[in-house]
Amino acid sequence: MKRYILMFVVALLGLSFSACSLQEDPEDFINDTDFYKDDAQCEKAVNSVYYRLNGLFSYQMQIMTDAHTDLLYYGSSSTVDFAHLMISPAMPGFSATIWQYSYQMVMYANGVLKNLEKAPIKEVSRLRFMSETAIMRAFYYYLLTSTFGDVPFYTEAVDTDEAMNRIAKLPRMSAVDTRSYLINELNDYLVKMKETDDEFVGQSGYETFYRRTSEIKGNRAGAPMAMMLVAKMAMWQAVQDTEHEPTYWYDVALTACNELEAIYGDLGQYSYDDVMFRYKNTPESIFEIQHTYESGGLQYYSNLAAACNPGKKKLTTDENGVKHATWDGVEIDIFDPEMTTWAHMHPTLALCVGLQTDGSDDYRAEVNMAWRYPARTGKEFNSVSTRPWMGEKFWCPNMFSTRDHNNYKVFRYADAVLIMAECYYFKQDYTNSVKYLNMVRNRAKMNNYTFKNDRKLFEEIRNERARELVGEFQRKYDLVRWGIWYEETVAKNDNTKLQQYIRPCHEYMPIPDRQVIYSGGALDNKAYNQYGM
C-alpha cells in the first residue's frame with residue numbers, strides 16, 4: 001500500500017522515473033523502513049537526493065539563468081520555445097522539468113530524513129547523513145523559490161493516504177517563510193556539525209564536513225554548501241521580508257560568508273583558470289554537478305558544452321585516412337574531430353563590448369569568451385570581428401558527439417566574497433565593501449576599484465558579479481533579486497525573438513498548468529493570467 005501511495009504522488013506531481021546510473025531506482029528504498037539497517041544502506045539512501053541533478057543542470061538551465069538575461073543569448077536559428085521565452089503555464093518548457101525533478105528530490109529527502117531518525121546507527125553517523133540530506137533538500141527549495149517565487153512547502157514523508165491527499169493540494173507558500181525555515185534548519189545543523197567536528201575525524205569511512213568541499217570524500221554537500229545556501233537565501237530575504245530590517249538578513253549572510261572565509265581563506269590563492277568546467281572539484285568550488293564519461297564504461301554526462309564550444313566545423317581526411325577538423329577556421333587540439341555542436345550560446349554585446357572587452361586587463365575576458373585559440377596568443381577565429389564564441393571556461397576537451405563530461409560549477413567561493421561586498425554595501429560600510437570587491441578584481445588582474453559614490457559602487461558590484469560568474473547559473477536570480485531583470489534584459493539581450501515574447505511575468509517561471517489541475521486549483525499563475533496566458 002505504501003508503495004502504491006508513493007507512486008500515485010509521483011504521478012500527481014507529473015514525474016517520470018528512469019533507472020539511475022547505478023541501475024537502480026531509489027524509489028525502491030526511500031520509504032522502506034526495513035532498509036536503513038547500517039551506515040552503508042543509509043549512505044545509499046542519501047545518495048538518492050542527488051539523483052536528478054544531471055537532469056536539472058543542462059544547457060536549458062543555462063538558457064534560463066544566463067541567456068534570459070543581459071549577458072548571454074541562445075542563437076538558435078530554429079524555434080526553441082524556451083530559449084525565446086515563448087512559454088506560458090500551458091507551454092512551460094524546461095520550467096516543468098525544474099518543478100518535477102526538484103519536488104521529486106524534496107520527496108526523497110523527506111522520506112530519507114524520517115527513516116534516518118530511527119536508523120540503528122551511531123549518532124555521529126546519523127548527524128552526517130541527516131545534515132547532508134537536509135542541505136540538499138534546502139538546495140532544491142532554493143532552486144524552486146528562485147525560479148518560481150512562492151511554492152508549496154512541506155517536510156513530511158509521503159507514506160500515508162492522508163499525507164498524500166493533503167500535500168497534493170498545498171497552495172503556494174510565501175518564499176520568505178520557506179527560506180526562513182530552511183535558514184534556521186541549516187544553521188542548526190551547522191552548529192551541530194561544528195560541535196561534533198572532532199568526532200568525524202578518525203571514524204571509519206568518515207571525515208569532517210567542516211572543510212572545503214574538495215576535501216570531502218566524494219565532494220558531497222557539507223558545511224560549505226550549507227553556509228552558501230544560508231547566504232544566498234538571506235540575500236533574497238533582505239529584499240522580500242517585510243518583517244525584518246534588511247540589515248538583519250545581511251548580517252545573517254555575512255555570518256555564513258565569514259564562516260566560509262575561515263575555511264577557504266584568501267581568494268587569491270585560487271587560480272581563475274581552475275574555474276573552467278573541465279577542471280573538476282577544484283579547491284575553490286563549493287558545489288559542482290558531477291559528470292564522467294568513459295567509452296563503453298561509466299557514463300554520466302550532459303550537453304552544455306555542445307551549445308558553448310565553437311561552431312562552423314570543417315572536417316577533412318588526410319592521405320592516411322586520419323580525420324582533422326577546424327572550428328571557425330581554427331584547429332583546436334583539445335577537440336575530438338567527431339565532436340558535434342548545437343545552436344550556440346553567445347555573449348551579448350553588453351558583455352563582450354561593454355563589461356569584458358577583448359584586450360582588457362581583466363584576465364577572465366578570454367576564459368569566459370573566445371576571440372582566438374589559444375587564448376591571448378593564438379589564431380583568431382574567422383567570424384569574431386564583433387562578437388566572440390563562448391570561452392574555454394565552458395569547452396569540453398575530447399568530447400565525442402555531444403557527450404559533455406565536464407563538471408558544472410554552481411557555487412564557488414568567489415560568489416561568497418562578492419556577497420560580502422554587497423552586504424557591506426547595504427550596511428553602508430563602503431570600506432569593507434570595496435575591500436571584498438577588490439579581492440575578486442585583483443584575482444582577475446584588474447586594478448583596485450576606487451570608491452566614488454554609493455551608486456557607482458553598487459553598479460560595480462553588479463558588474464563584477466557578471467564578469468566573475470557568467471554562465472554559472474546565477475545571473476537571472478541576481479537580476480530578479482535586485483528588481484531589474486525585465487528592464488536589463490529588454491535593454492541588453494541580443495535575441496530578437498526573445499525581445500518579441502518577453503513579458504514582466506517571465507521574471508518567475510510559470511507553474512505548469514498540469515500541476516495547477518492536480519492541485520485542484522490550490523496553485524495559480526496570477527502573474528501570467530494578467531497577460532492573457
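**Figure 1. R376 in the loop between β9 and β10 of the predicted model**. At 39% relative accessibility, R376 counts as partly exposed, because this value lies between the 20% limit for buried residues and the 50% limit for exposed ones. The backbone of R376 has a phi near 75°, a positive value in a residue other than glycine. The charged end of the R376 side chain sits over the ring of Y363, 4.0 Å from the ring centre. P374 is also placed in the loop between β9 (372–373) and β10 (379–380). The peptide bond that leads from Y373 to P374 is cis, with omega near -5°.

**Figure 2. K445 in the loop between α15 and α16**. K445 has a positive phi of about 65°, although K445 is not a glycine. With a relative accessibility of 56%, K445 counts as exposed, because the value is over 50%. The helix α16 that borders this loop covers residues 454–469.

**Figure 3. An arginine over the face of a tyrosine ring: R278 and Y279**. R278 lies over the face of Y279, at 5.8 Å from the centre of the ring.

**Figure 4. Aromatic pairs in the model**. A pair of aromatic rings is described by the distance of the centres and the angle of the planes. The model contains 37 aromatic pairs. One of them, formed by F139 and Y140, is edge-to-face, with 5.7 Å from centre to centre and 65° between the planes. Both residues, F139 and Y140, are buried. In contrast, the pair of Y424 and Y436 is stacked, with 5.8 Å between the centres and 15° between the planes. This second pair links distant parts of the chain: Y424 belongs to helix α14 (residues 413–426) and Y436 to helix α15 (residues 430–443), 12 residues apart. Y424 and Y436 are both buried.

**Figure 5. A cluster of linked aromatic rings**. Ring pairs join F57, F139, Y140, Y142, F277, F287, F394, Y408, F411, F473 and Y477 into a cluster. Among these members, F139 and Y140 form the edge-to-face pair shown in the preceding figure.

**Figure 6. Packing of helix α6 against helix α10**. Two packed helices are described by the angle between their axes and the distance between the axes. The axes of α6 (residues 123–148) and α10 (residues 223–240) come within 10 Å and cross at roughly 25°. The two helices are therefore roughly parallel, and their crossing is left-handed. On the side of α6, the contact is made by I135, M136, A138, F139, Y142 and S146. On the side of α10, M225, A226, L229, K232, M233 and W236 take part.

**Figure 7. S131 within helix α6**. S131 has a relative accessible area of 0% and is therefore buried. Leaving aside residues up to four places away in sequence, S131 touches Y189 and M193.

**Figure 8. Packing of helix α10 against helix α17**. The axes of α10 and α17 (residues 475–482) come within 9 Å and cross at roughly 25°. These helices are therefore roughly parallel to each other. M235, W236 and V239 of α10 meet Y477, V480 and R481 of α17 in this contact. W236 of α10 is also one of the residues in the contact with α6, and Y477 of α17 is one of the residues in the aromatic cluster.

Terms used: Residues are numbered from 1 along each chain as its sequence is written. This is a predicted model: local features need pLDDT of at least 70, side-chain atom pairs count only at pLDDT 80 or more; totals for chains, interfaces and linings use all residues. Side-chain values use heavy atoms; hydrogens and water are left out. Rings of Phe, Tyr and Trp (its six-membered ring) pair if their centres lie within 6.5 Å; planes under 30 degrees apart count as stacked, over 60 as edge-to-face and the rest as tilted. Buried means under 20% relative accessible area, exposed over 50%, partly exposed in between (1.4 Å probe, protein chains only). Helices (H or I, at least four residues) and strands (E, at least two) are DSSP runs, numbered from the N terminus. A charge sits over a ring if NZ of Lys or CZ of Arg is within 6 Å of the ring centre and within 35 degrees of the ring normal. Axes are lines fitted to C-alpha atoms, for helices over the stretch in contact, and angles run from 0 to 180 degrees between N-to-C directions. Angles under 35 degrees count as roughly parallel, over 145 as roughly antiparallel, 65 to 115 as roughly perpendicular and the rest as oblique. A crossing is left-handed if the near helix is turned anticlockwise from the far one by less than a right angle, and right-handed if clockwise. Contact means heavy atoms within 4.5 Å.
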